[in-house]
Amino acid sequence: MQKTNAGRFFEDYRVGDVIQHAVPRTVSGGERALYHALYPMRHALYSSDEFARDCGLPGGPLDDLAAFHIVFGKTVPDVSLNAVANLGYAEGRWLKPVWPGDTLRASSEVIGLKQNSNGRTGVVWVHSKGFNQHDDCVMEYKRWVMLRKRDQDAPAPETVLPELKAVLDPADLVIPEGLDFTGYDCTLAGEPHRLGDYEIGEKIDHVDGVTIEEAEHMMATRLWQNTSKVHFDVTARPDQRLIYGGHVISMARALSFNGLANAQMIVGLNGGAHANPCLAGNTVKAWSEVLDKARTDAPGVGAIRLRLVATKGGAPFALKGPDGKYLPDVLLDLDYWALMPV
Amino acid sequence: MQKTNAGRFFEDYRVGDVIQHAVPRTVSGGERALYHALYPMRHALYSSDEFARDCGLPGGPLDDLAAFHIVFGKTVPDVSLNAVANLGYAEGRWLKPVWPGDTLRASSEVIGLKQNSNGRTGVVWVHSKGFNQHDDCVMEYKRWVMLRKRDQDAPAPETVLPELKAVLDPADLVIPEGLDFTGYDCTLAGEPHRLGDYEIGEKIDHVDGVTIEEAEHMMATRLWQNTSKVHFDVTARPDQRLIYGGHVISMARALSFNGLANAQMIVGLNGGAHANPCLAGNTVKAWSEVLDKARTDAPGVGAIRLRLVATKGGAPFALKGPDGKYLPDVLLDLDYWALMPV
Amino acid sequence: MQKTNAGRFFEDYRVGDVIQHAVPRTVSGGERALYHALYPMRHALYSSDEFARDCGLPGGPLDDLAAFHIVFGKTVPDVSLNAVANLGYAEGRWLKPVWPGDTLRASSEVIGLKQNSNGRTGVVWVHSKGFNQHDDCVMEYKRWVMLRKRDQDAPAPETVLPELKAVLDPADLVIPEGLDFTGYDCTLAGEPHRLGDYEIGEKIDHVDGVTIEEAEHMMATRLWQNTSKVHFDVTARPDQRLIYGGHVISMARALSFNGLANAQMIVGLNGGAHANPCLAGNTVKAWSEVLDKARTDAPGVGAIRLRLVATKGGAPFALKGPDGKYLPDVLLDLDYWALMPV
C-alpha cells in the first residue's frame, strides 16, 4: 500500500464534499515572536497586550494573516498539492480573534468544479474554514485553484460555478467582540491618521523595502505547516525555490504600516492575485490605494478598503500594462478591509 | 589563569566519573514554535495540545528530538569539544515527556575507555542523562566519541568496554503515563496507516526534500546551546561550516511524516551513524525501513522500529556500496522505536 | 497629506522636548527562544528559571540586551531615521528586570543640541527610557547621533552640551530586587571563575566565532521593531545591507560567555563605539578586558567593569593603530558593568 500522500487530482473532488484537514495547531507567544521576527510588523494591537486591552480586547491576538496562513497551510495537502495555479481568493472573513493557547483546525467544502477545455486540467472552488478548540469558526475564505487530472480520460464533472461577491459589503464584516476605538492612542500606535484623513482614491507609497532570504521564507512557510515542495526543495524546480505567496502578503502588509499604521485589524479579504513569482534576492516594496471607507456599529471603529500591491522593482503605483496584464515587477494585488479608528 | 574552556582530552576521563553539565535550560512555547519553523514537523501530538489531550496527555510535549538536542547540547563542552569523530549512539530512551515550563539539565557518566593503537587518540563511552526540575530523568542515551590526547606520553588507561545492546527490547521502552490511542483520530493526524498496515521489511520513500540554509542550521544548533565551533565559524574549517548531525536527524524525522504520520512519539534510539557530512546547499531527503513491530501495555499503543535514512542525493533505498561502506550521498542511518496506534 | 514617516531632522528637536515613542511591545517566551537561537547565549540566569530562582529572582528575565534592543528599536523612527552616524552611548542603566508578559514602551528627552560648523548637520543628545506596564523605568541610556538638517538655512539652535559621566560609579548601579549570589552554583553556570579570580587589566580571548548571515541579523532587527531601512533593503545602499550595531553587541556578549560565564547580569553601559560596519559573511569574534571591579550591597554580588571588543579578523587584543583610530577589523568597543558572584 502506498503510504505517502500523492495529493488529490481534479477528478477526486465532488461538489458538496467537506474535507477535514489534518494536523491541528496550538499557537503560543512563540508564533507571535517568530511572525514579528520574519516580518516588520508594528501594528500596536498585535504588538502589545496593553494596547489591545485599551481597545476592549482581552489581549493582543495572533496576527490576522498568521491565522490565515495557518488555516491555508492545513488545506495545502488536500487542495493544492497538485495545483498548476492558485487562481484567486474571495469572501475571506475573520470572524473571531485567535489568542495564544488556541488550537486551530480547518475544513474545506467543495463549492465549484469546471473542467478546462484541454481535458487535462480543471478548476476547483473550495470554501475553507478555520476553527478554534471551541469549534468557533475563526476565519473563512473561498479559493479556486487549477488542478491536474490524474487520468485524462476521466469524464468531466458537471460544471458548477459558485456565486462569489466581488467585494464584501461592510455589513458582512464581523467586528471582534468588545472592540472600542474611542480611547485609541495614536501616539502609541505610531501615526495620527484616522479614517477621516484618508480619501477614496488616495495612494500611499510605503517607501520601505525588504530583501528576501531563503531561510526566512522557508521558516515562515514551515511554521504554517504548508507542505508544498516547491517552497523548500531546490531540486524540485529548474531554478530556484518559489516563495509561498503568503510570505509576500505578510511582508507587504507589514511594510504598509508606514502610512497605514492605524489600519489595525484585517477583517475582510475581497480578492487577491499573485501576479508574478517572488524569489530570494528580490527586494519587496509595497504601495496601497484607498478603495472605500465605511462606518461600523462598534464605538469609534471604521472600516477602510485597501488595495495592497507588492512589487520587486519599478515605480510605485504602476500596476498593469496597456495590455491589461500585471507588470512583471508586480508580485501581489490584494483587496482587503481593515478596521481603523474614525 | 586560563579562563576559557579548552575542553577535555582523552586522558581527562576516568571510568565511573560523573560530569554535571552546565547551563540548565527552561523551555517554552517559543522553543516549540522555533522547532516547527526550522523543520517541517507535523506530528499532531506535538502540534496540538487538544490532540495530545485526546491521547491522554496533559498537552503537547516538546518534540522528543528537541529534548534530545537540548540534552546533547549540554554535553558538548564536556564531552566532544575535542572530538575527532562522533562514533555512535546506543540505548537511547525517552522516559518522561518534556513540557513547556520544564527546566532541563544533564549529566554524563564515563562508562568506557580505550586508547587507540596510535597512542594519540582514544575512545570514550559516556552514559548521558537529561533531568527536569523535579530531578526526573527525562531521557538517556549512550554515546562514544574519539578524542585527542593532550599529551601523547600520558599512559594508556585500562581498557573498559561497556556492554551495549544492539537494539532495545520492546520491554525496555517507557510509555508516557496516561497515553491512550484507543480514540486516536487518523483524519486529524493526517494518515490512515496504523501499525497493522506496516510490514516488517517495508520501505517508504518520503518524497519531500528541503534544501539546507546556513542561517537555519545555526539557529537550531544555538537553540540547543551546542557550542561546537565547526558549526558556526567558517574560518574554523577549510571550506564550509559543518552542519550539526542533529539538524539532519530532525530534518529527516520531520520529512518522514509523509508516510509515517502516525509514528507519533519517539521512545527508543537503538543506534545511529552520521555517514557523511552535511553542508548548506544540500537538499535533504529521507526514506524509512520498517525493522520490527511490537505491542505495548498501553491501550491502543503499538511500537514500530524504524530505520531512518537521510540523503543528499541518489536514489531512495540505496544505503551502502559493495564494499559495505555508506554511499557518499547518505547522511544519516538512524535506528529508533516510535509509538503508533495499533 | 503625506502619510509616511519621513523622520525628524536636526531642526525638529528642542532641548527639553520629550518624545513618546510608538508601538509598545509585549514579550513572551518566544522572544527568549528567538534571542537564544540568534545568539549563542548561555548565561544560566537567563537560560533557566530554576537557576534564576536559586539566585533570588522570581524566574529568568528577558536578556538585558534584548530589553535594550527593544527600547532602542522604539526610538529609531523618532531619533535616528535620518542619522548620518550613531556617535555614542553613555550612562546606560538597567533598573528592573523584564519578565515574560511585560509590555515595554519608550520615551526620549532631548538633552543636548549642537549644530556642526558645516551648517548642514548637527548632533542631538537624547535621554531614552524604557517603561513596563506598571510605568516602572526598566532601563535608560543617553545616546547622541549626527542628523541632517532638512533646511540648511534653518537657524542654528543654541548649543547645549549635556554633562555625561565617562563611567558610571558602582554606587549608580541598581541591583535587581532579591538578587543573592551566596548559593551561586558555578558548576551549573559553566565556569569556576568568580570576581576574585579576575584581575584589573586582565584580557580574555573568547576564542569562538560566528559567521554572520543576512537572514539572522534581519530577524533580530525586526524582532526589535527597528525600522532603519539600511538593515533590510539591499537597494538602499550601494553594496550590502548594513548590520544593526546591536546585532554585533549581542553576538559579542554571547561569545564572551567562554571566559566570562559568571558575568551574569548587565547593569550599566558606560559607553560604546561601533568602530567599523559589519556585513553578512563577516566572522565575529570577541575579546574582553577587565577595567574595574567593585562590591555591591547585595549578598554575594560583585560588579565587574569590562571592555568588550568585537572583531571581524585580526589578532585578539589589537584595538587601535598608532594614529589612535580603531583598526579596520574592529567592529565594536563597548564598556559595561556586569554582576558576578564574589
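**Exercise 1. Determine how many residue pairs are in polar contact between chain A and chain C, and characterise the side of chain A that touches chain C.**

Solution.
1. In this predicted model, 18 residue pairs, both members at pLDDT 80 or more, are in polar contact between chain A and chain C.
2. The most to the side of chain A that touches chain C comes from helix α1 (residues 29-38) of chain A, which gives 8 residues.
3. By residue class, that side of chain A divides into 19 nonpolar, 14 polar and 12 charged residues.

**Exercise 2. State how many salt bridges are counted between chain A and chain C, and verify the one that joins K3(C) and E202(A).**

Solution.
1. The count between the two chains is 4 salt bridges.
2. The criterion requires a side-chain nitrogen of Lys or Arg within 4 Å of a carboxyl oxygen of Asp or Glu.
3. For the side chains of K3(C) and E202(A), the N to O distance is 2.6 Å, and the two meet in a salt bridge.

**Exercise 3. Quantify the area that chain A and chain C bury between them, and identify which residues of chain A lose the most area to chain C.**

Solution.
1. The contact takes 45 residues from chain A and 33 residues from chain C.
2. Between them, the chains bury about 3,000 Å², of which 57% lies on carbon and sulfur atoms.
3. On the chain A side, A37(A), R42(A) and L188(A) lose the most area to chain C; together they account for 20% of what that side buries.

**Exercise 4. Describe the pairing of strand β6 (residues 137-148) of chain A and explain why this strand is largely enclosed.**

Solution.
1. Strand β3 (residues 83-94) of chain A pairs with β6(A) in the antiparallel sense over 8 bridges. Here R93(A) stands opposite E140(A) of β6(A).
2. Strand β5 (residues 121-131) of chain A also runs antiparallel to β6(A), joined to it by 11 bridges. V124(A) has V145(A) in β6(A) as its bridge partner.
3. The hairpin of β5(A) and β6(A) has 5 residues between the strands, and D135(A) in this hairpin takes a positive phi near 65°.
4. Buried means under 20% relative accessible area. Because 10 of the 12 residues of β6(A) are buried, the strand is largely enclosed by the rest of the structure.

**Exercise 5. Establish how many residues of helix α7 (residues 245-255) of chain B are buried, and what follows for the helix.**

Solution.
1. The buried residues of α7(B) include H247(B), M251(B), R253(B) and L255(B).
2. The count is 11 of the 11 residues, so α7(B) is largely enclosed by the rest of the structure.

Methods
Residues numbered from 1 in each chain as written. Chains lettered and ligands numbered in written order. Predicted model: local features only at pLDDT ≥ 70, side-chain atom pairs only at ≥ 80, totals over all residues. Heavy atoms only, no water. Buried < 20%, exposed > 50% of the residue type's maximum accessible area, 1.4 Å probe, protein only. Helix = DSSP H or I, 4+ residues; strand = E, 2+ residues; numbered from the N terminus. Pairing = 2+ DSSP bridges. Contact = heavy atoms within 4.5 Å. Buried area = accessible area lost by both parts, 1.4 Å probe. Polar contact = N/O pair within 3.5 Å; in protein donor to acceptor, adjacent residues only side chain to side chain. Nonpolar A, V, L, I, M, F, W, Y, C, P; charged D, E, K, R; others polar.
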